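Subject: Structure for your review

Dear colleague,

Please find the structure below, together with its sequence. My findings follow it.

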Amino acid sequence: MNRLATFLLAAALPLAAHADEGMWTFDNFPSAKVAKKYGFNPDPKWLSEAQLSSVRLAGGCSGSFVSPEGLVMTNHHCAHSCIEQLSTKEKDFVKEGFYAATPDQEVKCPEIELNQLVEISDVTKRINAATQGLEGQKFAEAQRAEMAKIEKECAGDNAQLRCDVVTLYHGGIYDLYKYKRFQDVRLVFAPEFTIAFFGGDPDNFNFPRYDLDVSFIRAYENDRPARTEHHFKWSPAGAKEGELTFVSGHPGGTDRDLTIAQLKYQRDIALPEALFSYAEYRGALTMYTQLGAEQHRTAEDELFGIENSYKALKGRYEALVSDTLWNQKVQREQKFRATVKKNAAMQKQYGGAWDMVAKAVEEFTPRRKEYQYIEGANPSRPSAFRSRYFALARTLVRAADELPKPNEKRLREFRESNLPAVTQGLFSKAPIYDDLETFRLSYSLTKLREELGADHPFVKKVLGKKSPDELAKELIAGAKLKDVELRKKLWEGGKSAVEASDDPFIRLARLTDPDARALRTWHDEVIEPREKKGAELIAKAKFQIEGTSNYPDATFTLRLSYGSVDGYQDQGHRVNPVTVMGGAFERATGRDPFALPKSWLVANDDKRINLGTPFNMATSNDIIGGNSGSPVFNKELQIVGLVFDGNIQSLGGDYGFDPTVNRAISVCSPALVEALDHIYGARRIVSELKGGSSQAGAN
């Protein structure tokens, strides 16, 4: 029930892709459709080059190789955490920007991992054979064990490889995705935050836009820039209106193929609760940032994320409650179920699948808050322990229990295939700010008491006679896990070292883990297997009717969409698809969030900027969250843009795609070069993008 638990949005069953719709896997791309509409037929060689030139930022974004020397282009907001982690009170790279004028000035990001997809293979038969005839806990255990075995066989002991069994079509297909992993990733360039997020929250998910939301980072191997033979070339001219565009990236998740029962849960329970939670926390966090300059600096990244999430969820909720969309989804499911019912054999095999999913939803609903607040341990989401210290402590406590087990018996996050990512985060040297941690923890403990009630046994166990604020201050005051070497010793020392630790967060994690694990077991072995089994049966019925003529829901794996540079109608007027750099100066007020940085004002005064340069553009490519940082490229595999947002109409994209108004928003390639060259003097990067030598490996 992972989607229910984490507030991802649901949808019914669209039966066919239309227009430019679709986030297609590279091994099932509709080249014939593209050829019919646009006169270009992407062949296997072209698709392979696009695949190998694309990268995933494992933390939740996309990117692309744009030179043979490991240079990666992504969004500023995708690298924001790195930029913030490298900043200090004295030198704020978020505010001032960053440029490594020489190779030795490129600085390692503490927590960024890049994944390059090198191979896709179908393992459906193996997974199905392992789970055949099984249900409930036995189904879940068999599936997890076989997935772990396949991933281990693929990666072996090579930490530079990452292998993931990916569930597509909700269990209709299981593919093995083999990645090359880069964990030495260094910051090369980032503009000032005020131009990367020009217009702030008022302009977010809107168009026209005037943002330079870009960062350049570099993949390293053996302390030298990685050799990346496969990379996108650069288009200095960009794309014109009507021109064919492709977007390769890693859409985080869509719910276009879920059932009405799941959809009702999202509409009536999960989304309203999530919106209320985000709104409350946004208000509290805003007040915290106003306490002083340092509080603003350390919490700005989190506040940006909360505001972005709130606005996105609000747009999705508004789409979901519209009668038109809802009735369409209900009718599609009814039609699909009627088709199954007409065939006696299909009805016998698949007819009970929808009730199976509905039963899982029904059982999960009354315990959802316990699962969220007790098992949840993500600082960016509502939970009892919104603290990086606690997240580190729980990782150490659970690792001590999980690592001695056979690989196939472990919790998924502790499988061998995922351990390099776990240790990268665990041993990160990213700063931890105690004032911010105290605020987060006090707030989340307060919400724990509010949501579960003061008389709940878990609340009593955690708080005792103390107030949330008292407990938070006491825990932070005694915290020792800021010491990376201590974390390494606890990791390497295993269970005996963890049990002997007097760190207060380790003690708290040990105290609460039995309750959290009980909920995790219930979710993973009772709720989730029903949901997965039901979804798998629905997917098989769908395949029997239409094969793979449709695309699977997004799964934060590499996808390819096609479209064109295209405007749209909004409230009775035509929105042109391209803005120019001069528009930023016209829009600027000199006050946040419409204040341009000094570098832009000086460059304009010196007449260094071509104000007619295309700045941001709208295309009809089908995207969703996770596509941030995706390259926009033409049929020549040349970069014409960099995705950083979608318009407000695209927020319903979790459920479906409306080609008349859904738009991806990108920074145009001419603006990227114009800014790098004439505003920032970053000629080393410009030369590299255009195919010259950057001397990235020189020392």
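I begin at one edge of a strand pairing: the bridge partner of Gly 646 in β21 is Ala 664. Please note that the model is a predicted one.

Strand β20 and its partners

That bridge belongs to the pairing of β20 with strand β21 (residues 664-668), in which 5 bridges join two antiparallel strands. Strand β20 itself covers residues 638-646, and 8 of its 9 residues are buried. β20 also pairs with β19, again in the antiparallel sense, over 3 bridges. Within that pairing, Pro 631 has Leu 642 of β20 as its bridge partner. The hairpin formed by β19 and β20 has 4 residues between the strands, and Leu 637 there adopts a positive phi near 60°. Strand β12 (residues 233-234) runs parallel to β20 and is joined to it by 2 bridges. Here Trp 234 stands opposite Ile 639 in β20.

Ser 628 sits in the loop between β18 (614-619) and β19 (631-633). Is Ser 628 buried or exposed? Its relative accessible area is 15%, and Ser 628 is therefore classed as buried, the cut-off being under 20%. Setting aside neighbours within four places in sequence, Ser 628 is in contact with Cys 61, Ser 62, Asn 75, His 77, Cys 78, Val 643 and Phe 644.

Strand β8 and its partners

Strand β8 (residues 173-182) is likewise mostly covered, with 8 of its 10 residues buried. Strand β6 (residues 114-122) is antiparallel to β8 and joined to it by 8 bridges; in this pairing, Asp 122 has Asp 175 of β8 as its bridge partner. Strand β7 (residues 161-168) is also antiparallel to β8, and 8 bridges join the two. Cys 163 stands opposite Lys 178 in β8. In the hairpin of β7 and β8, 4 residues lie between the strands, and Tyr 169 takes a positive phi near 55°.

Helix α16 and the loop that follows

Which span should helix α16 have, given its 15 residues? At 1.5 Å a residue, α16 (residues 388-402) should span 21 Å, and its end C-alpha atoms are indeed 21 Å apart, so the expected and modelled values agree. Of the 15 residues of α16, 13 are buried. The N-terminal end of α16 is capped by Ser 387, which has a side-chain oxygen 3.1 Å from the backbone nitrogen of Tyr 389.

Glu 413 lies in the loop between α16 and α17 (419-426). With a relative accessible area of 26%, Glu 413 is partly exposed, because the value falls between the limits of 20% for buried and 50% for exposed. Glu 413 and Glu 402 are 11 residues apart along the chain, and their C-alpha atoms are separated by 9.7 Å. Apart from neighbours within four places in sequence, Glu 413 is in contact with Arg 398, Asn 418, Val 422 and Arg 520.

Nonpolar cores

In soluble globular proteins, nonpolar side chains tend to be buried together. The largest nonpolar core in this model has 67 residues, of which Leu 212, Phe 216, Phe 246 and Trp 600 touch the most other members. Helix α25 (residues 669-678) gives the most to this core, with 5 residues. A second, separate core has 49 residues, including Leu 445, Val 462, Ile 476 and Val 498.

The contacts of Phe 216, not counting residues up to four places away in sequence, include Val 66, Leu 71, Val 72 and Met 73. Phe 216 also touches Arg 186, Leu 187, Val 188 and Phe 189, as well as Leu 676, Ile 685 and Leu 689.

The protein as a whole

The protein contains 26 helices and 21 strands. Of its 699 residues, 60% count as buried. Its C-alpha atoms fill a box of roughly 65 × 65 × 50 Å along the principal axes. A compact globule with 699 residues would have a radius of gyration near 27 Å; the protein has 25 Å, which agrees. Among contacts with a separation of 6 or more, 79% are between residues 24 or more positions apart.

Yours sincerely,

A colleague

How values were computed: Residues numbered from 1 in each chain as written. Predicted model: local features only at pLDDT ≥ 70, side-chain atom pairs only at ≥ 80, totals over all residues. Heavy atoms only, no water. Expected span 1.5 Å × (residues − 1). Buried < 20%, exposed > 50% of the residue type's maximum accessible area, 1.4 Å probe, protein only. Polar contact = N/O pair within 3.5 Å; in protein donor to acceptor, adjacent residues only side chain to side chain. Pairing = 2+ DSSP bridges. Core = buried A, V, L, I, M, F, W, Y, C linked by side-chain atoms within 4.5 Å. Contact = heavy atoms within 4.5 Å. Rg over C-alpha atoms; globule rule 2.2 N^0.38 Å.
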